[in-house]
Amino acid sequence: MGRFLSFSFVFLSVLCLLPPNLVVALPLHTSSRWIVDEDGGRVKLACVNWPADKESAVASGLGHRPVGSISERIAAAGFNCVRLAFPVLLAANQSLASLTVRKSFQRLGLLDSLAGFQANNPSMLDLPLISAYQAVVSSLAENNLMVIIDSQLRSEPCFQGSGINPDLWVKGLTRLATMFSRVPNVVGMCLRNELRNVKDWYRYMQKGAEAVHSANPDVLVIISGLGDGIDLSFLLNQQLELTFTGKLVLEMHWRGSLAGRARETGNPNKVCGRVVNSLMRRGGVLLQKGWPLMVVNELGADDNRHLNCFFGLVAELDFDWALGTLEETNGLMNLKNSSFSQRISALQDAGPNASGNKHHIIISHPSTDQCILRKSMYEPLQLGPCTQSEAWGYTPQKTLKLKGTYFCLQAVGLGKPAKLSIICNLPGSNWEIGSSDSKMYLSTKLGDGTTVCLDADSSNHIVTVTCKCSSRDHKCDPGSQWFKIADIYLSLFTKTNSSDQPS
């Protein structure tokens, strides 16, 4: 044990000499439902999941691309954070932790992986597994990326029936927390064991959270719920008792199981509505109770319909989030698409900051993560950066008005551009928000009784057309017609810590 800790802290001292490049004032803490920096300013985590190979315990993709290249591409895609998986029991096992990357591949017969690693990351090949993990963290720091240690169990992800000693789990968490106690870009640790029993959840989450905070009081302690991380509803009845405040963050997982079988065969509006309702019922409502919440999308970035639904909820509720996983084949996910980077940037820009006390409504378009803008009175409405959006208001008469003006949004005909008008009692001026299961259609009735939906055409101009996906067709894509009235409220930021356990 002494040799293990000695090596860990020697390597850690080298990491501490690296210049801190992060632009966020660290460490982070919580204030009501928000994650904030040391100065009290909002820090909205936009993370990507970077898994570890289940057999070798090495970060995926390093056999296909240099670690620096992967880190650079993550940062270029617009993410500010990486949930970096690590088998927590490895930290508690001296013999495994001191095993080199090379020997880990050799003992498993992964010769192709060994050759790929030799070609792309030769300097890491003879590092112990724990040191290779630290090298990845260092590479992410050099690219201004925060890290959340996703401390996973290596075998069955629950204690019951897995033969895993919970005390060994706590021991591993403690060593990991201690190991990164002076590494500024490690901002959080995720206690992700996905327990299935409420009694065990309270017992072991409390033990794990206290152990992490005691070893490293700077990191956020991030805890997930029951049933594959999708249920935290029990916290509405009984809070988690901890000795510390200002560091606890809840985590929920956005999984296909939230939609059940409908994910594959259901109408996209119904599927989106079912997933959102399930997530809110099982824990999303905790946001309204003042709990900070991160939602982890496990469905990846390849299914636009599910991604649009997810980003629509991000725009509406403005929670911290993590997306997909890096592909194990090349460690890159779909980061080559520049529009993907723009979408992430738009989600970040649309959120609150600590600069004021304003109530601001925008009309967001999740499939592009842009907002409805007016360029002038003579140009059609179009999509553009949400940072340029004027404030809208939704009246009791269901009109959408630009605040501070007499102008309201109006539909004038099927297939025609929507326009701004000062006569707001005409047909086509009253907009329904909840007219679909997804609650993302903005629909209105024309003078002849025809129902039309707001849409963004191929030029990003705002038009009104027949509503899509009204049938059971599970292959249709309603993305161009999905809009969210996002309520941005800029007043919940202070420079003082508040309790993690709202009353």
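1. Let's start with Cys386: at a relative accessible area of 11%, this residue is buried, given that anything under 20% counts that way. Keep in mind that we're looking at a predicted model. The partner of Cys386 is Cys371, and the two form a disulfide with their sulfur atoms 2.0 Å apart. Cys371 is buried as well, with a relative accessible area of 0%.

2. Where do Cys371 and Cys386 sit in the chain? Cys371 belongs to strand E12 (residues 370-373), while Cys386 is in the loop between strand E13 (382-384) and strand E14 (392-394), so this pair ties together parts that lie 15 residues apart in sequence. The torsion about their S-S bond is about 85°, so the disulfide is right-handed.

3. Now step back to the whole set. The structure holds 6 disulfides. If you number the bonded cysteines in sequence order, the pairing reads 1-2, 3-4, 5-6, 7-8, 9-10, 11-12. As a reminder, a disulfide is a covalent bond between the sulfur atoms of two cysteines.

4. Another one to look up is Cys453 with Cys467, a disulfide whose sulfur atoms are 2.0 Å apart. The link is right-handed, with 90° about the S-S bond. Cys453 is in strand E20 (residues 451-456) and Cys467 in the loop between strand E21 (462-465) and strand E22 (484-489); the pair links distant parts of the chain, 14 residues apart. Cys453 counts as buried, at 0% relative accessibility.

5. Next comes a disulfide between helices: Cys272 is joined to Cys309, S to S 2.0 Å. These are distant parts of the chain, 37 residues apart, with Cys272 in helix H12 and Cys309 in helix H13. Are the two cysteines buried or exposed? Both Cys272 and Cys309 are buried. Their S-S torsion is about 90°, so this disulfide is right-handed.

6. The two helices deserve a look of their own. H12 (residues 268-282) and H13 (residues 304-317) pack at an angle of about 45°, their axes 10 Å apart. That makes H12 oblique to H13. The crossing of H12 past H13 is right-handed.

7. Which residues meet where H12 and H13 touch? From H12 come Pro268, Val271, Cys272, Val276, Leu279 and Met280; from H13 come Arg305, His306, Cys309, Leu313 and Leu317. By class, the contact has 9 nonpolar, 1 polar and 1 charged residues. Notice that the disulfide partners Cys272 and Cys309 are both in that list.

8. One last residue to check: Cys190 counts as buried, at 0% relative accessibility.

How values were computed: Residues are numbered from 1 along each chain as its sequence is written. This is a predicted model: local features need pLDDT of at least 70, side-chain atom pairs count only at pLDDT 80 or more; totals for chains, interfaces and linings use all residues. Side-chain values use heavy atoms; hydrogens and water are left out. Axes are lines fitted to C-alpha atoms, for helices over the stretch in contact, and angles run from 0 to 180 degrees between N-to-C directions. Helices (H or I, at least four residues) and strands (E, at least two) are DSSP runs, numbered from the N terminus. Angles under 35 degrees count as roughly parallel, over 145 as roughly antiparallel, 65 to 115 as roughly perpendicular and the rest as oblique. A crossing is left-handed if the near helix is turned anticlockwise from the far one by less than a right angle, and right-handed if clockwise. Contact means heavy atoms within 4.5 Å. Ala, Val, Leu, Ile, Met, Phe, Trp, Tyr, Cys and Pro count as nonpolar, Asp, Glu, Lys and Arg as charged, and the others, Gly among them, as polar. A disulfide is a pair of cysteine sulfur atoms within 2.5 Å. Buried means under 20% relative accessible area, exposed over 50%, partly exposed in between (1.4 Å probe, protein chains only).
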